[in-house]
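Got your viewer open and a selection box ready? Here's a short tour, stop by stop.

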Amino acid sequence: MLKNYILVAFRNLWKHKFYSIINILGLAIGLCCFLFILVFVRDELSFDKYHEKGDRTYRVNFEGFAFEQELNYAVVGAPLGPTILEKFPEVVQQCRFRDRGSYTVQYKDQSYREDKWIFADSTLFDVFSFELVQGDPKRALAEPNTLVITEDVALKYFGNEDPMGKSLKADNDELYRVSGVMKAMPRNTHFNFDLIASLSSLEESRRPAWLSSNFQTYVVLQEGADPETVNAKFPALIRENVGPELEQYLGQTYEDVVAAGNHIEFSLFPMPDIHLYSDKREELGANSDIKYVYIFTFIGVFILFLACINFMNLSTARSAARAKEIGMRKVVGAGKPQLIFQFLSESIVITFLGFLIAAGLFLALLPYFNTLSGKELLLRQVLTPGLVLLILSLVVGVGIVAGSYPAFYLSSFKALNALAGKIVKRVGQQFSLRSGLVIFQFAVTVALIVGTIVISNQLHYIQNKKLGFEKDQILILKNYYALDNNCLPFKQEVLKHPGVVNATMSSSLPTPSSRNTSAAILGRNPDPAKTHVINMFDVDHDYLNTLGMEIVQGRDFSRDRPSDSLAVILNESAVELYGLDDPLNAEISSFDGGTDENPELITYRVIGVVKNFHFESLRNTIGPLAIFLGNSRGRLSIKVNTDDMPALIDDLRRQWQDMAHGQPFSYSFMDEDFSSVYQAETRIGSIFSVFTFLAIFIACLGLFGLATFSAEQRTKEIGIRKVIGASIPRIFVMLTSEILKWVFIANLIALPLAYYFMQQWLQGFAYPVSIHWWTFGIAMLASLLIALITVSQQAIRAALRNPVQALR
């Protein structure tokens with residue numbers, strides 16, 4: 001019996017090739033889209049799930065409100081981890097990380113810039129399930145100046161030699177002995193590093209400085225321990241340890257500071273949730289967002305459902321063509337269950353054929369999807385037994401969903417009516433359901449069009465907004481400190497190049513770079529009411545001029561004024577924060593001198609105010625900033641003006657090689673660094689656009705099939721209308737008006753919903769674009785135009801047909 005059903009299914013497919021192609025192609029595209037979204041979502045949800053102790057591993061966050069500033073950090077002070085391990089019985093292990101940026105690493109005559117360098121406690125392999133292939137996991141990072149590297153790094157530096165015991169030189173200074181070799185960290189980890197040095201190498205890891213928050217700290221709780229129990233103990237810990245430091249710095253008790261409206265707190269955050277739910281300052285890596293998982297899940301389901309709707313609509317629309325077949329089967333004894341099973345079998349066959357095409361498309365397009373999404377999905381990682389079983393279940397499920405309504409509808413025909421051809425009227429009565437399904441299809445499509453326009457507008461706004469500085473034609477040389485004593489001579493040589501306008505050495509740039517925030521006091525004496533946490537840049541005399549920043553009050557740093565070593569330039573946000581009506585010559589003090597045990601308050605005089613410029617992501621408002629004159633040599637930013645950039649870079653490389661003694665030459669462009677901040681949004685926008693196009697295509701496939709069938713069914717009606725004088729334009733309007741009416745109703749449903757959800761998405765930006773009326777106008781016009789173009793060919797063809805042939 002099953003064999004017969006399958007044979008009949010293939011005969012029907014072959015007999016009605018046009019509609020079969022529409023159904024199979026629609027289901028193939030829908031299934032392919034769903035497969036890509038399925039593996040994308042599955043990968044996003046898999047982050048940090050492979051750690052043996054992951055379900056009871058937490059990161060300690062630093063949050064609160066202090067000195068008019070929100071505290072939202074993924075870092076805490078160095079003493080916290082060891083202290084709670086000792087004092088909290090619920091904590092059975094802890095591991096701290098310290099990210100100090102990239103390092104220049106040398107071995108013999110080789111030298112590379114390593115961006116994935118980090119310091120970690122010796123407990124790293126006890127907390128995290130990273131695989132060590134050489135070395136002792138308990139001792140690998142136990143001693144100062146020891147280093148664990150990945151297999152790829154070992155191959156890069158040592159080739160086929162055994163790396164164990166050999167030393168790498170970091171930043172022309174310290175030697176680090178290789179004490180372990182590990183497998184590369186799994187890509188579904190919320191951080192990724194290739195060189196892990198022992199934290200005991202850093203003197204700062206032993207400082208009792210609770211307010212110097214630089215360490216990402218992870219703790220493992222006992223099995224069954226409640227994290228809220230640990231959270232409840234943090235206030236007493238803060239009072240006992242942070243309180244004395246606040247009193248030392250500010251001269252007031254912890255209770256007085258809290259009474260002034262300030263509060264700080266530590267809290268545990270589940271490690272498996274970091275990738276999708278955490279967006280704090282000083283994260284160890286760029287995280288994603290759970291809202292994108294929800295968005296793409298809904299898009300995948302909707303696109304698949306659009307393909308199912310095509311199948312339902314075309315199957316029910318063509319029910320009259322199969323009426324006699326149904327009648328004959330009932331006459332010879334077929335019952336309703338058998339007919340339902342037959343039609344569901346046909347639906348599953350069509351779905352399976354669509355799946356075969358979808359699987360082929362998936363395999364062919366996987367590399368392009370990886371590029372589009374920023375993933376590194378491999379076929380062996382995708383085709384796991386569990387996922388294959390899920391996909392096969394999905395194929396059967398889609399076949400049942402797509403074929404369920406047609407199966408129950410067609411099997412309900414009465415045998416005599418079916419044989420007598422008396423079901424045409426009933427077919428016409430199904431237009432209410434069919435129109436509802438078409439309306440749903442285009443409502444989803446219109447919502448996706450609006451989403452694509454809004455995302456595109458926001459990204460365009462970010463990329464073209466006036467930032468308060470010049471990011472174009474700025475070449476950045478990284479690891480500039482590697483020049484050591486040649487930093488200033490190199491800059492002077494660079495300035496002689498005809499293609500160079502200016503250059504500046506600095507610690508921080510208004511792009512993704514290291515940040516330094518600290519408490520700054522208005523005046524000379526500690527006062528919580530006049531203390532605020534602000535950003536601090538360390539720059540040279542040419543910083544503001546090179547980057548095109550505007551002084552709105554006062555002046556820039558001057559080489560002719562040695563006293564500027566104790567001068568500061570504030571941005572407008574800092575002036576507003578401190579409430580300075582006349583900021584020039586005001587005094588700002590910071591604990592820049594002394595030691596952690598005996599900090600020294602240094603006072604600076606305000607000599608200028610710089611116009612606000614964006615030095616963080618446009619997701620955040622412009623915060624307060626103090627710019628100091630210093631001798632930081634982290635980066636050299638070069639303002640260039642040349643038509644031959646490759647030649648200029650070659651000249652700089654040669655000059656570097658002459659003065660840098662084998663150090664690697666590494667550069668970037670500021671505009672590219674700035675754009676990298678919004679890489680996630682750019683990728684989301686690209687994926688959104690692709691899936692929107694495919695949703696439109698699937699909807700148009702169904703609409704084209706319905707228009708074709710409608711024209712076939714109304715052939716005699718059109719012939720009669722032409723005989724009695726109906727014009728071609730009138731017949732065209734008659735055939736297209738109903739479909740355009742459905743699309744218009746879809747717009748009325750979709751546009752308010754799209755507005756609401758895109759407003760929610762825009763709330764993630766400090767500077768969101770407005771959703772203008774023309775956005776909805778474009779979406780409505782585009783959907784109506786797409787629908788009109790889709791059905792017009794069949795409508796025109798039917799209208800131009802000879803009425804004599806139609807009536808015959």
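**Stop one: a loop residue**

Start by selecting asparagine 479, which sits in the loop between β15 (474-477) and α17 (487-495). Keep in mind throughout that you're looking at a predicted model.

Is asparagine 479 buried or exposed? It counts as buried, because its relative accessibility is 5%, and the cut-off for buried is under 20%. Now show what surrounds it. Setting aside neighbours within four places in sequence, asparagine 479 is in contact with Ser102, Tyr103, Thr104, Arg113, Gly634 and Trp656.

**Zoom out for a moment**

Colour the whole protein chain by secondary structure and you'll have 26 helices and 25 strands to look at. Switch to colouring by burial: of the chain's 808 residues, 53% count as buried. Put a surface on and the protein chain exposes about 36300 Å², with carbon and sulfur atoms supplying 56% of that.

If you like contact maps, here's one number for yours. Take the contacts between residues at least 6 apart in sequence: 79% of them join residues at least 24 apart.

**Stop two: the start of a strand**

Next, select histidine 263, in strand β14 (residues 263-270). With a relative accessible area of 38%, histidine 263 is partly exposed. Which residues does histidine 263 touch, not counting those up to four places away in sequence? They are Glu63, Gly64, Phe65 and Ala66.

While you're here, draw a distance from histidine 263 to proline 235. The two are 28 residues apart along the chain, and their C-alpha atoms are separated by 9.9 Å.

**Stop three: a helix with a kink**

Now select residues 728-762, which make up helix α24. Check its length against what you'd expect: at 1.5 Å a residue, the 35 residues of α24 should span 51 Å, and the end C-alpha atoms are 48 Å apart, which agrees. Then look along the helix for the bend. α24 has a kink of about 35 degrees, centred on threonine 736.

**Last stop: a nonpolar patch**

Stay where you are and pick phenylalanine 757, also in α24. Phenylalanine 757 counts as exposed because its relative accessibility is 52%, and exposed means over 50%.

Phe757 has company, so add Phe744, Ile745, Leu748, Ile749, Leu753 and Tyr756 to the selection. Together with Phe757 they form a nonpolar patch on the surface, with about 680 Å² of accessible area. As you scan the residue numbers, remember that an α-helix has 3.6 residues a turn, so residues three or four places apart point the same way.

Note on methods:
Residues are numbered from 1 along each chain as its sequence is written. This is a predicted model: local features need pLDDT of at least 70, side-chain atom pairs count only at pLDDT 80 or more; totals for chains, interfaces and linings use all residues. Side-chain values use heavy atoms; hydrogens and water are left out. Patches are made of residues with over 30% relative accessible area and no salt bridge: like charges are joined within 9 Å, nonpolar side chains (Val, Leu, Ile, Met, Phe, Trp, Tyr) within 5 Å. Accessible areas come from the Shrake-Rupley method with a 1.4 Å probe; for residues, only the protein chains shown count as cover. A salt bridge is a side-chain nitrogen of Lys or Arg within 4 Å of a carboxyl oxygen of Asp or Glu. Helices (H or I, at least four residues) and strands (E, at least two) are DSSP runs, numbered from the N terminus. Buried means under 20% relative accessible area, exposed over 50%, partly exposed in between (1.4 Å probe, protein chains only). Contact means heavy atoms within 4.5 Å. The expected span of a helix is 1.5 Å times one less than its number of residues. The bend at a residue is the angle between axes fitted to the seven residues ending there and the seven starting there.
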